[in-house]
Amino acid sequence: MKQLAPKHHPCSHHLLAASVLLLLVLAAAFVQECAAREGSSSGGSDDHAPLVSPLAKDPATSLYTISIKDGSGPLVIDLAGPLVWSSCSCASGGHPTLPCGSAECDAASSFEQPDHGPGAIVADGGGEAGRHVDCTCTARPCDPVTPGRCAAGDLTSFAMSANATDGRNALHPVSFQAVGACVPPDSLLLRSGAAGVAGLGRAPLSLPSQLAAARRFGRRFALCLPGVAIFGETPIYLGYYPPDLMTTIASTPLSTNPRSGGYYLPVEAISVSWPSWSVATSRVALPPGALELDAATGRGGVALSTVRRYTVMRPDVYRAFVKAFSDAIGEPGYVRTVPGVPPFELCYDTWSLRHVRVVGWDVPSIHLELGAGASMNWTVDSGNSMVQVADRTLCLAVVEMVGQEEAASHDAAAAVVIGGYQVEDNLLVFDEDREVLHFSGLLWGSGATCSGFNFTAPR
């Protein structure tokens with residue numbers, strides 16, 4: 001009897017193909033997830049992925065901190081700091097050490113600041129002197145807040161972690177190592193209760209420089225205080241503002257100070273204007289060359305700082321500036337002055353001022369007039385220029401650079417140091433490869449916020 005071949009449904013081949021395709025898709029997704037998890041711990045496929053970490057503001061000291069070092073408290077971010085340092089065990093057996101004459105020790109020795117000011121590092125055992133010496137490299141980091149407070153510590157390697165990012169989301173944890181100084185406990189106590197400092201300055205052992213070298217994603221990092229730090233080249237999305245902010249914000253060339261690891265702006269003049277009144281813009285009558293940066297001595301210029309609470313100005317600049325601001329705010333004739341509240345000199349009765357929803361208070365704006373190559377000037381609106389110190393007292397948040405403490409500071413040689421308060425809720429992107437700073441101005445009312453980054457990994 002002839003056997004009949006089994007009958008196949010006409011769609012069976014299509015169903016089989018669809019099933020195979022589904023299995024392949026699921027397998028690819030599984031492999032991708034495994035690779036991502038593997039990459040977070042061992043390098044994997046995202047060796048070059050940008051990294052993101054949250055920033056916080058200490059309410060007692062107004063210092064900004066980053067939680068990036070494993071097994072310790074947060075680190076204060078110092079925009080001019082040359083390296084990472086943290087308190088840890090005095091005994092060398094409790095942490096790895098780096099030998100004299102090593103490349104890392106040479107890098108620590110390559111950045112020495114005159115007079116060992118705050119933030120400076122001086123390494124013993126670097127250069128030719130340490131080539132054939134069997135010793136441990138020692139660095140001497142300093143407290144960036146308190147002048148003259150330094151401590152010796154081993155140059156070591158710290159375990160750190162952050163999150164990979166696509167510029168919009170925190171994707172998954174990434175572990176890495178960073179070279180830094182290990183100082184004895186209680187030798188450099190920071191008032192914020194932080195465990196140490198994450199230096200972000202222009203130095204080979206600063207955190208951005210080390211990450212750029214290890215992950216090869218370019219020497220670029222972004223700060224939005226207090227909220228988020230992003231390391232590497234990536235689009236940036238904050239809050240519900242839809243576009244990539246890198247396509248919309250302004251830019252300026254950075255000035256270079258060979259005697260400082262800080263970031264300087266090419267400010268040529270300062271002016272004050274009151275947009276809501278038909279009052280002419282008033283340019284501050286500064287002494288000739290008051291803002292110029294002398295590359296030979298490192299003096300002058302306008303520097304950015306994350307460890308200064310408010311903007312400080314050298315006396316000759318400050319006196320001219322407060323006169324211009326006082327004249328401008330007094331022009332309409334209705335703003336009432338009140339006695340100054342230390343450290344502020346110019347204060348006003350809030351009942352005589354109008355509150356504006358987007359930028360804060362209706363007061364004159366401050367303009368930093370930038371040099372050639374800048375896409376626009378930097379405008380400081382009242383949300384960054386004024387601070388309310390009492391129910392009816394609003395003060396101009398700029399102080400005079402005075403006293404021996406200021407003279408000893410590593411950035412006191414600058415004519416103006418722009419403090420953290422003046423750049424809060426501003427996106428700043430430092431591109432060292434191109435020597436450019438991208439800046440947004442005050443983000444209020446734009447739909448983007450420094451707290452708007454999504455630190456919840458997408459599911």
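Of the 459 residues in this protein, 53% count as buried. What you're looking at is a predicted model, with six helices and 31 strands. Take contacts between residues at least 6 apart in sequence: 69% of them join residues at least 24 apart. As for the outside, the accessible surface comes to about 20900 Å², and carbon and sulfur atoms hold 56% of that.

**A five-strand sheet and its helix**

- Start with an open sheet of five strands, which goes in the order β13-β18-β29-β19-β28 and has mixed pairing.
- The edges belong to β13 (264–265) and β28 (398–400); each has a single partner strand, so one side of each is left without a neighbour in the sheet.
- The partner of β13 is β18 (residues 302–304), and the two pair in the antiparallel sense over two bridges.
- To spot that pairing, look for Y264, which stands opposite A303 in β18.
- Helix α4 (residues 315–330) lies across three strands here: β19 (311–313), β28 and β29 (416–418). Against β28, α4 runs at about 135°.

**Cavities**

- There are three cavities of 30 Å³ or more in the model.
- The largest cavity holds about 150 Å³ of space.
- Its lining is made of 13 residues, and T311, I366, L368, V380 and I418 are the ones that lie nearest the centre of the largest cavity.
- Which strands help line it? β19, β24 (365–370), β25 (378–380) and β29 each supply at least two residues to the lining of the largest cavity.
- Two of those names should ring a bell: β19 and β29 also sit in the five-strand sheet, and helix α4 lies across both.

**A closer look at G360**

- You'll find G360 in strand β23 (residues 360–361).
- Is G360 buried or exposed? Its relative accessibility is 7%, so G360 counts as buried; the cut-off for that is under 20%.
- Leaving aside residues up to four places away in sequence, G360 touches H355, S382 and W444.
- M386 is 26 residues away from G360 in sequence, yet their C-alpha atoms are 8.5 Å apart in space.

**Helix α3**

- Helix α3 (residues 207–215) is mostly covered, with seven of its nine residues buried.
- The buried ones are L207, P208, S209, Q210, L211, A212 and R215.
- Right after α3 comes R216, which has a positive phi near 55°.

**Strand β8 and its partners**

- Strand β8 (residues 170–183) is mostly covered too: 10 of its 14 residues are buried.
- How does β8 run beside β4 (residues 84–87), parallel or antiparallel? The two run parallel, joined by four bridges.
- Within that pairing, V84 has G180 in β8 as its bridge partner.
- With strand β7 (residues 153–165), β8 runs antiparallel, and 11 bridges join the two.
- One place to see this is D154, which stands opposite C182 in β8.
- β7 and β8 form a hairpin with four residues between the strands, and in this hairpin G167 takes a positive phi near 95°.
- If you follow the side chains along a strand, keep this in mind: in a regular strand they alternate between the two faces of the sheet.

Note on methods:
Residues numbered from 1 in each chain as written. Predicted model: local features only at pLDDT ≥ 70, side-chain atom pairs only at ≥ 80, totals over all residues. Heavy atoms only, no water. Buried < 20%, exposed > 50% of the residue type's maximum accessible area, 1.4 Å probe, protein only. Contact = heavy atoms within 4.5 Å. Areas by Shrake-Rupley, 256 points an atom, 1.4 Å probe, with all protein chains shown as cover. Pairing = 2+ DSSP bridges. Axes fitted to C-alpha atoms, helices over the stretch in contact; angles between N-to-C directions. 1 Å grid on protein atoms, 1.4 Å probe; cavity = no way out; pocket = protein on both sides within 12 Å on 5 of 7 lines; lining within 4 Å. Points joined across faces, edges and corners; volume = space filled by probe spheres on them.
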